[in-house]
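The following exercises are intended to be worked through with the sequence and the three-dimensional coordinates at hand. Each task is followed by a worked solution.

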Amino acid sequence: MEEARIPNKIGRILLMAVEGTIGSDNLQTILARAGLRHLATYPPDNIEREFPTGYVSRLMTALEEIYGVGKGRELAFRSGRRSFHLGAQDLGLFLDLAGLTFPLLPAQVRAKIGLETLAEILNRFGNQGVHITQENASFTWVVERCGICQGRTTTAPCCHFLTGLLQETLRWSTGGDSFSVAEVSCTATGAPHCAFQVHSGPSARRAGDE
Ligand SMILES: [Zn+2]
């Protein structure tokens with residue numbers, strides 16, 4: 001089976017997010033550890049599907065190997081947060097949500113629109129099979145083909161990059177920390193898909209929150 005690939009631009013944003021979080025010297029260490037030294041030259045800024053999805057999980061694995069599991073996942077979480085802003089800037093995403101009426105909508109509605117917008121983007125660029133279900137005040141974000149943990153085996157959910165991306169999407173959409181995100185099942189632990197629970201209410205203090 002041919003290896004799944006995502007657009008160069010998305011791989012580039014991911015690398016920039018990690019570099020912004022840990023610094024360029026440390027990024028070189030991570031790339032060497034992951035056997036991806038050639039990525040020191042970022043992929044071109046275009047939407048050709050040439051960036052293997054498997055690179056993403058190798059980077060996440062290397063973060064945990066170099067920094068330890070706890071710290072590595074915290075850094076992945078922070079990189080995920082950062083990627084929201086890089087993506088929003090680069091792709092011009094979410095800008096149409098920043099219109100005059102959007103801030104007047106209830107937080108619940110804004111959260112939903114933010115999540116749906118992100119899901120559409122990830123499905124379009126990443127073929128992730130994302131769908132969202134809602135029950136009262138909480139949402140479940142399900143990823144059928146998660147590129148963050150692809151091929152990994154872990155004892156606990158490990159897609160902290162995506163948790164960070166979701167948390168920042170919600171923060172931006174609702175204008176504050178009124179929603180919290182937790183990964184409740186993960187393909188890497190043997191679950192059929194990765195799933196994230198989104199609750200209204202501020203997140204309990206957690207690693208990586210600043
Ligand atoms: Zn995953």
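The exercises below concern a predicted model, and they proceed from the overall fold to a sheet, a helix and a single loop residue.

**Exercise 1. Describe the overall composition of the protein and the sequence separation of its contacts.**

Solution.
1. The protein contains six helices and six strands.
2. Read along the sequence, these elements follow the pattern β-α-α-β-α-α-α-β-β-α-β-β.
3. Of the 210 residues, 40% are buried.
4. Among contacts with a separation of 6 or more, 67% join residues that are 24 or more positions apart.

**Exercise 2. Determine the strand order of the four-stranded sheet, and explain which strands stand at its edges.**

Solution.
1. The sheet is open, its strand order is 3-4-6-5, and the pairing is antiparallel.
2. Strand 3 (130-135) and strand 5 (179-185) each have a single partner strand, so one side of each is left without a neighbour in the sheet; these two are therefore the edge strands.
3. On average, and with direction ignored, neighbouring strands of this sheet are turned by 20 degrees against each other.
4. In general, such pairing in a sheet is made through backbone hydrogen bonds.

**Exercise 3. Examine how strand 3 pairs with strand 4, and how strand 5 pairs with strand 6.**

Solution.
1. Strand 3 and strand 4 are joined in the antiparallel sense over six bridges.
2. Within this pair, glutamine 134 stands opposite phenylalanine 139 of strand 4.
3. The hairpin of strand 3 and strand 4 has two residues between the strands, and asparagine 136 takes a positive phi there, near 50 degrees.
4. Strand 5 pairs with strand 6 (residues 194-200), in the antiparallel sense and over six bridges.
5. Here serine 185 has alanine 195 of strand 6 as its bridge partner.

**Exercise 4. Identify the helices that lie across the strands of this sheet, and give their directions.**

Solution.
1. Helix 5 (residues 107-126) lies across strand 3, strand 4 (138-143), strand 5 and strand 6. Its direction is at about 160 degrees to strand 3.
2. Helix 6 (residues 160-174) lies across strand 4, strand 5 and strand 6. Its direction is at about 155 degrees to strand 5.

**Exercise 5. Analyse helix 5: its span, its buried side and its exposed face.**

Solution.
1. Helix 5 has 20 residues and reaches 27 Å from its first C-alpha to its last, close to the 28 Å expected at 1.5 Å a residue.
2. Its buried residues are Arg110, Ala111, Gly114, Leu115, Leu118, Leu122 and Gly126.
3. These buried residues cover an arc of only 130 degrees around the axis, which puts them on the same side of helix 5.
4. The face turned away from that buried side carries the exposed residues Glu120 and Arg124.
5. The cover over the buried residues includes strand 1 (5-7), helix 1 (8-22), strand 3, strand 4, helix 6 and strand 5.
6. Asparagine 127 follows helix 5 and has a positive phi, near 50 degrees.

**Exercise 6. Decide whether alanine 40 is buried or exposed, and describe its surroundings.**

Solution.
1. Alanine 40 is placed in the loop between helix 2 (24-33) and strand 2 (49-52).
2. Within 10 Å there are 12 other C-beta atoms. A residue counts as exposed at 12 or fewer, so alanine 40 is exposed.
3. With residues up to four places away in sequence not counted, alanine 40 touches Gln28 and Leu31.
4. Alanine 40 and leucine 15 are 25 residues apart in sequence, while their C-alpha atoms are 9.1 Å apart in space.

Methods. Residues are numbered from 1 along each chain as its sequence is written. This is a predicted model: local features need pLDDT of at least 70, side-chain atom pairs count only at pLDDT 80 or more; totals for chains, interfaces and linings use all residues. Two strands pair if DSSP finds at least two bridges between them. Axes are lines fitted to C-alpha atoms, for helices over the stretch in contact, and angles run from 0 to 180 degrees between N-to-C directions. Two residues are in contact if their C-beta atoms, placed from the backbone, lie within 7 Å. A residue is buried if 20 or more other C-beta atoms lie within 10 Å of its own, exposed if 12 or fewer, and partly exposed in between; C-beta atoms are placed from the backbone. The expected span of a helix is 1.5 Å times one less than its number of residues. The arc is that of the directions from the helix axis to the C-beta atoms.
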